[in-house]
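Student: I'd like a close look at one part of this model, starting from a single side chain and moving on to what lies around it. Could you walk me through it?

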Amino acid sequence: MAPSYLPLLRTLLAFDTTSRHSNLELIDWVSQYLAGFGIGSQRTLNDDGSKSNLFARIGAEDLPLMLLSGHTDVVPVDGQVWSSPPFVLTDKGDGRWYGRGTADMKGFIACVLAHVPEWVRLAQQGRLQQGIGIALSYDEEVGCLGVPRLIDALLQQGVPVTGCIIGEPTSMRPVVAHKGIAHYHCHVQGRAAHSSLTPQGVNAIEYAARLISHVRRLADTEASFGHHQPLYDVPFTTLQTGTIHGGTANNIVPKDCEFTFECRWLPGDDPQRFVDSVRDYADNLLLEMRQVAPEAAISIEPMVYCPAFEATPDSAVLGYVEKLCGCQGGDGVAYTTEAGVFHAAGMPCVVLGPGSIEQAHRPDEFIEESQLQACFDWLGRLTGELCRSDSQC
C-alpha cells in the first residue's frame with residue numbers, strides 16, 4: 001500500500017502552478033480536501049482575484065497555533081529538457097519521485113495534508129495543547145509577494161501563532177538563518193543620435209555600464225572588507241547584475257538602457273546603503289549626461305524585497321526542532337524563504353522540509369522517497385510534542 005502522502009503529492013503536482021498561472025484550482029482542491037474532514041479554510045486573494053493564499057486551523061480557536069507553511073507556486077519548465085512529464089509524478093524505480101515541485105515544495109505540503117485526519121481526531125478528543133495551522137501561499141518564487149496578505153489577515157484576526165515551520169527543501173536539516181534579497185530595476189535614458197555624430201548623443205548603454213561597474217565595486221568591497229558570517233556558504237553580502245537590455249541598431253547611439261541588479265544581505269545588514277550608493281553615483285553621472293541632453297534621466301525602482309531571517313533564540317518552535325532533530329542550532333543559507341516575512345511579523349520560525357535545494361528549479365526535479373518518509377515521521381513526532389502532557393498521541 002502506498003504511503004498516504006503519495007496520492008496527495010500526485011494530485012498537487014498535477015496542478016500547473018507555475019507563478020505566471022493561477023493557483024486557484026489547487027487551492028480549491030485543498031479547501032475541499034480539508035472540508036471533507038470538517039475543517040474550514042480562509043482565503044486572501046491577489047488584486048485581480050486570480051491567485052489565493054489559504055489558511056486553515058485545526059484545534060480549538062483559543063489554542064496557540066503551530067503554523068506549517070508552504071508556497072504553492074513553482075518555477076517554469078520552459079527551456080528545460082525533462083526525461084518525464086514535469087507535472088506528472090513519476091517513479092523511475094530509483095527511490096526518487098520526479099516532477100516539478102516535488103522538492104520545492106509540494107512534497108512538504110503533501111506530508112502535512114496526510115496528517116490532517118490524525119490531527120482532526122486528536123482535536124476532537126481534546127488532546128491538543130496547541131492548535132495546528134496550515135498556511136499555503138502564492139507567488140513565493142517571484143518575490144514572496146503573496147504571503148504578506150496571509151500574515152496581515154492573521155494579525156488582524158489576532159490569531160495566536162507561537163511558531164512557524166517553513167517546509168522548504170533542507171534535507172530535513174534545520175535552517176535557522178538566511179539572507180535577505182532585493183531586486184531593483186534601473187532605467188537609463190540618454191539621447192539618440194546617428195553613430196557618426198556621437199558627441200550629439202548620450203549613450204545610455206555606456207552610462208548604464210558605468211553604473212553596473214559601480215555595483216560590481218560595491219560587491220567586491222563587501223567580499224574583501226565587509227562583515228563575514230561563517231554560518232553561510234557564501235559568508236558575506238553579495239550584489240550582482242542579472243539582466244540588461246538596450247539599444248536598437250549598431251549605427252544609433254542608444255537612447256535607453258535598462259538593467260536589474262540584486263542584493264543578498266546577511267541578517268543585521270541594511271541593503272539600503274548599497275542602493276543609496278548607486279543612487280548617489282547615478283546623480284553624478286546625470287550631471288555629465290545633462291550637459292549634452294537636459295532630458296536625460298536615471299530611475300532606480302525596487303522590484304522585490306524579502307527580508308533576511310535569523311531564528312528567535314529560546315523560541316518554542318526552535319526548541320521543538322532541536323529536540324526532534326537531536327541538534328543544537330542549524331544551518332545558514334544564501335537563498336531566501338518566506339521565513340523572513342513571518343519573522344518580521346513577530347512569528348518565530350525555523351525552515352525545515354524534505355528534499356534538497358540542489359534539486360529545486362532544475363529539469364528532472366526529484367525528491368527521495370526516504371526524504372518524504374522522514375518528513376512524514378518527523379511531523380508525527382512533532383504532533384506528540386503538541387499534545388497535552390496528560391494524553392498519549
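What is the relative accessible area of E118, and is it buried or partly exposed?

Tutor: E118 has a relative accessible area of 30%, so it counts as partly exposed (20% to 50%; buried is under 20%, exposed over 50%, with a 1.4 Å probe and protein chains only). Bear in mind that this is a predicted model, where local features need pLDDT of at least 70, side-chain atom pairs count only at pLDDT 80 or more, and totals for chains, interfaces and linings use all residues. Residues are numbered from 1 along each chain as its sequence is written, and side-chain values use heavy atoms, without hydrogens or water.

E118 belongs to helix α4, residues 116-124 (helices are DSSP H or I runs of at least four residues, strands E runs of at least two, numbered from the N terminus). Go 91 residues along the sequence from E118 to A209, and the two C-alphas turn out to be 59 Å apart.

Now for some helix packing. Helix α3 covers residues 102-114, and its axis comes within 9 Å of that of α10, residues 369-386, crossing at roughly 40°. The two are therefore oblique (neither under 35 degrees, over 145, nor 65 to 115). On the α3 side you'll find G107, F108, C111, V112 and A114, and they meet L372, C375, F376 and L379 of α10 (heavy atoms within 4.5 Å). That contact is made of eight nonpolar residues, one polar and no charged.

Helix α10 also packs against α1, residues 5-14, at about 115°, with the axes 11 Å apart. That makes this pair roughly perpendicular. From α1, Y5, L6 and L9 reach E369, L372, Q373 and F376 in α10. Here the tally is five nonpolar, one polar and one charged. Notice that L372 and F376 turn up in the α3 contact and in the α1 contact too.

For an enclosed spot, try strand β7, residues 161-166. Five of its six residues are buried, so the strand is largely enclosed by the rest of the structure. Strand β3, residues 65-71, pairs with β7 in the parallel sense over five bridges (pairing takes at least two DSSP bridges), and S69 sits opposite I166. Strand β17, residues 349-351, also runs parallel to β7, joined by three bridges. In that pairing, I165 faces V350.

Methods:
Axes fitted to C-alpha atoms, helices over the stretch in contact; angles between N-to-C directions. Nonpolar A, V, L, I, M, F, W, Y, C, P; charged D, E, K, R; others polar.
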